[in-house]
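Biologist: Could you walk me through the odd spots in this one? I'd like to hear what each label rests on.

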Amino acid sequence: MKLKSTLMRVALAASLVAAGTSMAAQVTYQYLNQTHNELRNWAGQYANPTVYYDRAVCSQDMTAYACGQNIQLGTRFLQQVENSYPLAAKSVFAHEWGHSIQFRYGIYSQAPYQELQADCVSGSYTYYAERNLGYQGLFRSAQQLAYAIGGDPTHGTGSQRATYVRNGYNTSGNLVRCF
Ligand SMILES: [Zn+2]
C-alpha cells in the first residue's frame, strides 16, 4: 500500500510536469541561464556571447538584441512571447545567438537575409532541443512566433520567417547548414 501510494505520487508528479511543458514558463533569470547553457552546449564552438538581462548594452529598446559578442534580453518582452507561444523565449535567444555567430565570422547579408539566417539558426536549435532536451512543441511555437512577428522589411514577411525557421529545423540541428 505504501509502495502503491508512492508510485501514484510519482505518476501524479510526472503528469504535472507533462502538463507544465505545454504551459508558459516563467521567464526568470534562472530559465534564461538554463537556456544560455543549452545554447552554449549546442553552439558554443561558433560563438560564445556575453548575455545581459534587462540592461541596455545594445539598445534602449528592451526586447532582444545582439551586438558584437553581446546579447541583451528583456525579461518582460520574453515573458510576453512565452505567454503567447510556450518555449518561444528560447527561440528568440537562439535567434540572437545566430547573430552572434554572424558577427564573429563577419557575415553580413542584405535585408532580410541577415535576419532570416538568424531565424534558420533558431530553427536549427529547436530541432536539437526537441530531440535532446525534451522541449516538445518548441519548433511549432518558434514557427508561429516567427510568422506572427514578421512583416517589416528588415526581418522579412511572416511567411519568409516561418520558412526559414523550418529550413533551420530541417538541418537536424546542424546550424552550419544555415550559412
Ligand atoms: Zn535578429
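Modeller: Let's start with Glu115, which lies in helix H5. Helices are DSSP runs of H or I with at least four residues, strands are runs of E with at least two, and both are numbered from the N terminus. Bear in mind that this is a predicted model, where local features need pLDDT of at least 70, side-chain atom pairs count only at pLDDT 80 or more, and totals for chains, interfaces and linings use all residues. Residues are numbered from 1 along each chain as its sequence is written, and side-chain values use heavy atoms, with hydrogens and water left out.

Biologist: Why is Glu115 said to have no salt bridge?

Modeller: A salt bridge needs a side-chain nitrogen of Lys or Arg within 4 Å of a carboxyl oxygen of Asp or Glu. For Glu115, the nearest side chain of opposite charge is Arg161, at 5.0 Å, so the criterion isn't met. Glu115 is also buried, meaning under 20% relative accessible area (exposed is over 50%, partly exposed in between; 1.4 Å probe, protein chains only).

Biologist: Which residues is Glu115 in contact with, leaving aside its neighbours within four places in sequence?

Modeller: His95, His99, Thr154 and His155; contact means heavy atoms within 4.5 Å. Those histidines don't enter the charge search, because Lys and Arg count as positive, Asp and Glu as negative, and His and the chain ends are not counted.

Biologist: What makes Leu87 stand out?

Modeller: Leu87 has a positive phi of about 80 degrees although it is not a glycine. Most residues other than glycine have a negative phi. Leu87 sits in the loop between helix H3 (75–84) and H4.

Biologist: Why is Leu87 called buried or exposed?

Modeller: Its relative accessible area is 10%, which falls under the 20% limit, so Leu87 is buried.

Biologist: And why does Ser172 get the label it has for accessibility?

Modeller: Ser172 comes in at 42%, between the two limits, so it counts as partly exposed. Ser172 has a positive phi too, about 60 degrees, and is not a glycine either. You'll find Ser172 in the segment after helix H7 (158–169).

Biologist: How do you know that the peptide bond joining Ala111 and Pro112 is cis?

Modeller: Its omega is about 0 degrees. Most peptide bonds are trans. Pro112 lies in the loop between helix H4 (88–105) and helix H5 (113–133).

Biologist: How many helices and strands does the protein have?

Modeller: There are 7 helices and 3 strands, in the order α-α-β-β-β-α-α-α-α-α along the sequence. Of the 179 residues, 45% count as buried.
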